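Please open the model in your viewer and keep the selection tool at hand, since this tour moves from the whole chain to single residues.

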Amino acid sequence: MENAFAPISEACVKALSDKTYDKRKVAALEIEKMVTDFKMKKNITQIKRIIDVLSRDFVRSNDANKKKGGLIALAATSIALGKDTEKFIEDIVNPIMNCLIDNDNRVRFFASESLYNVVKVARGAVLPFFPSVFNALSRLVTDPDQTIKNGSEILDRLLKDIVIESSQTFDLDAFIPLVRERIMVKSSFARQFIISWISVLNAVPEINMVVFLPEILHGLFQILEDPLPEIQRMCESLLAQFLKIIKLDPSAADIPTMTNVLIVQAQSSNPLIQFYAITWIKEFVQLSGGEILCFASGIFTAILPCLAFESDAKKNIKDCANAVNLHLLELISSGEDKQKNLSYLDLNSVMEVLRQYLVHSPVPTKIAVLKWVHHLFTEVHDEMSEHANKLFPVLLRDCLSDSSDEVVLQAIVVLAEIVNSATVKGNDFDQTQYRQFLVELLNLFSENNTFLEKRGTLIIRQLCRLLNAEYIYRTFAEILLEERINLKIASTMVRTLNMILLTTSDLFDLRNMLHDIRNEKSASLFECLYKCWAHCPVSTLSLCLLAQCYQHVSEIVTLFADIEITVDFLVEIDKMVQLIESPIFASLRLALISHSNDNADAQHLSRALYGILMLLPQTEAFHLLNNRLKCVPNYWSQPNKISSKSTNESQCNIKFDELFTYFKYVQDLHHQKRVEKRKKNQF
């Protein structure tokens with residue numbers, strides 16, 4: 001009967017199936033000699049027959065020993081064939097590949113060893129099977145058996161050498177999908193395997209891996225979070241190599257696609273991933289110029305939270321994010337490329353992101369956003385006008401009530417810019433915009449009295465610096481004149497405005513304006529403020545002292561005898577006495593010894609101050625004012641020399657009698673409110 005394994009002898013078949021390695025090895029050497037003879041005789045049929053038998057009856061057998069023998073014999077066959085292995089490569093490689101996933105550790109080991117020997121002989125001929133070999137290798141490097149893992153490393157190095165040798169014909173289009181499928185694995189060994197392959201190919205001059213970088217960039221950044229420092233360093237080095245190549249030739253890289261990947265990575269909770277992603281964004285911003293503004297909203301989402309990092313561990317991330325922020329600001333600043341750069345900016349999406357970060361964000365982030373909003377209003381105020389209505393509520397309700405003074409001040413800068421850009425048309429001024437803004441602000445103060453007390457002065461002073469102080473005061477006064485229900489908020493607001501008026505250097509011009517009520521414009525402002533200031537008697541007194549209406553001051557002081565003297569009233573009087581000693585009231589102190597107007601103003605002022613002195617208990621303020629009055633000539637002996645036609649009031653068109661009547665009316669309202677409150681508290 002004919003041998004079923006022919007041309008392999010039965011003795012060789014038996015030895016090839018033996019459980020001992022040495023016998024299998026001897027049998028494999030016998031097969032190697034047979035193949036060598038057939039090769040010399042060019043007997044292709046018999047060679048194919050041997051390969052078929054080894055594949056079918058041994059490598060694909062269920063017997064582990066037969067598999068091992070068949071694997072050794074196939075490797076021996078390839079060694080015998082030498083370069084001619086290429087003719088039989090598919091029939092030799094495929095059976096071996098199947099054994100690489102065998103359950104038996106020893107079978108997998110012999111399969112990897114066999115594959116190594118075949119590849120070593122076949123060299124470039126194995127490249128058509130590269131995807132399969134690469135797949136097999138990616139599994140072997142994670143094999144739990146260390147001997148298999150060690151063997152796979154030898155095979156891996158050999159395969160890399162072959163690919164480098166054949167770099168001009170190597171099919172990168174087929175390789176990249178293989179990398180993309182495996183780059184997201186969590187195994188450190190598999191990650192090391194992937195990085196090593198990308199690094200090797202990237203180092204080959206004939207291969208341009210940057211072209212394929214967008215497909216694998218996300219995976220590379222994920223490898224940065226590997227727990228093994230060695231893997232992290234390998235990945236950092238590879239990313240640095242890629243970035244260096246991109247900087248040398250930006251046109252060869254798909255920066256837009258990669259920017260989208262980087263924006264996602266920059267929001268990672270892993271500091272290393274975040275740092276490298278923002279570093280790449282920074283380089284892309286510098287390389288791309290205005291075109292990167294297409295991604296401004298996404299970049300903001302990535303970098304704005306980083307500006308608030310405080311720990312030393314994240315300082316490098318914060319510094320890098322700051323650099324990105326500054327570069328973007330420069331791109332839309334005034335310059336030759338401003339209009340071109342702005343054409344790339346999607347203002348709607350940018351403003352949506354910025355508006356979101358104005359709420360519930362750390363202070364540094366809010367400040368950066370507010371500076372951006374202000375910058376945009378400065379550079380493209382026409383385009384920004386449609387966003388003003390959406391910004392106003394956020395700026396008023398969230399930013400002005402922020403716990404940080406810096407946020408509040410920067411928010412006012414933005415609000416002032418919005419109001420100015422909306423109101424100034426040529427040389428005309430639209431006071432309606434001021435009124436709408438200040439009404440909202442006053443509503444905010446009304447809702448939270450503590451907010452007014454803590455932040456009112458800061459906000460109003462900043463507004464007066466940035467906007468028209470006269471219109472600020474005039475508009476506030478007009479709004480408060482309509483306040484009839486909440487008289488308490490009206491009086492509190494008046495005291496706040498009055499103190500700012502009398503103490504802030506920025507309101508020097510406004511004080512000078514009120515100092516001369518003979519001027520029609522000044523008189524108009526004085527009347528407007530007076531009617532509002534009537535909510536607070538001491539503030540009214542201060543306003544009249546500032547405007548040098550000393551005769552009227554004397555009349556008001558006399559009226560104080562009929563006004564309920566409360567603790568708050570005395571505190572206000574005390575503060576006013578302190579202010580009389582300040583530089584702002586230097587002209588008042590000089591007026592006490594002035595001979596102008598036939599001494600009329602000096603006498604009225606002196607008597608008014610003596611009246612205030614009599615209202616005060618003998619506190620420090622009493623002694624302060626008393627000492628001042630001791631330096632003043634005694635006008636009490638000259639009552640008949642005061643001429644009402646000589647006073648400042650007589651030289652202007654203000655109807656002080658009507659103002660005095662209005663003052664008494666408002667004070668009566670406050671008295672009624674206090675009485676009603678007491679009655680209510682009794683029940």
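With the whole chain selected, you are looking at a secondary structure of 35 helices and 2 strands, where helices (H or I, at least four residues) and strands (E, at least two) are DSSP runs numbered from the N terminus. This is a predicted model, in which local features need pLDDT of at least 70 and side-chain atom pairs count only at pLDDT 80 or more, while totals for chains, interfaces and linings use all residues. Residues are numbered from 1 along each chain as its sequence is written, and side-chain values use heavy atoms, with hydrogens and water left out.

Keep the whole chain in view and turn it: along the principal axes, its C-alpha atoms fill a box of roughly 155 × 60 × 40 Å. The radius of gyration of the chain is 45 Å, whereas a compact globule of 683 residues would have one near 26 Å; this radius is taken over C-alpha atoms, and the globule rule is 2.2 Å times the number of residues to the power 0.38.

Next, select 1-169, which is domain 1, and then 469-681, which is domain 2; these bounds come from an automatic or database domain assignment. The C-alpha centres of the two domains lie 108 Å apart.

Now go to residues 537-546, helix α29, and residues 550-559, helix α30, which pack at an angle of about 160° with their axes 8 Å apart. Axes here are lines fitted to C-alpha atoms, for helices over the stretch in contact, and angles run from 0 to 180 degrees between N-to-C directions. The helices α29 and α30 are therefore roughly antiparallel (angles over 145 degrees count as such, under 35 as roughly parallel, 65 to 115 as roughly perpendicular and the rest as oblique). Their contact (heavy atoms within 4.5 Å) includes Leu-541 and Leu-545 of α29 and Val-553 and Ile-556 of α30.

For another pair, select residues 487-503, helix α26, and residues 567-580, helix α31, whose axes come within 12 Å and cross at roughly 10°. That makes α26 roughly parallel to α31. Among the residues in this contact are Arg-495 and Met-499 of α26 and Glu-572 and Lys-575 of α31.

Finally, zoom in on the backbone. Most residues other than glycine have a negative phi, and most peptide bonds are trans. The peptide bond from Ala-6 to Pro-7, however, is cis, with omega near 10°, and Pro-7 lies in the segment before α1 (10-16). Arg-123, in the loop between α6 (105-122) and α7 (130-140), has a positive phi, near 55°.
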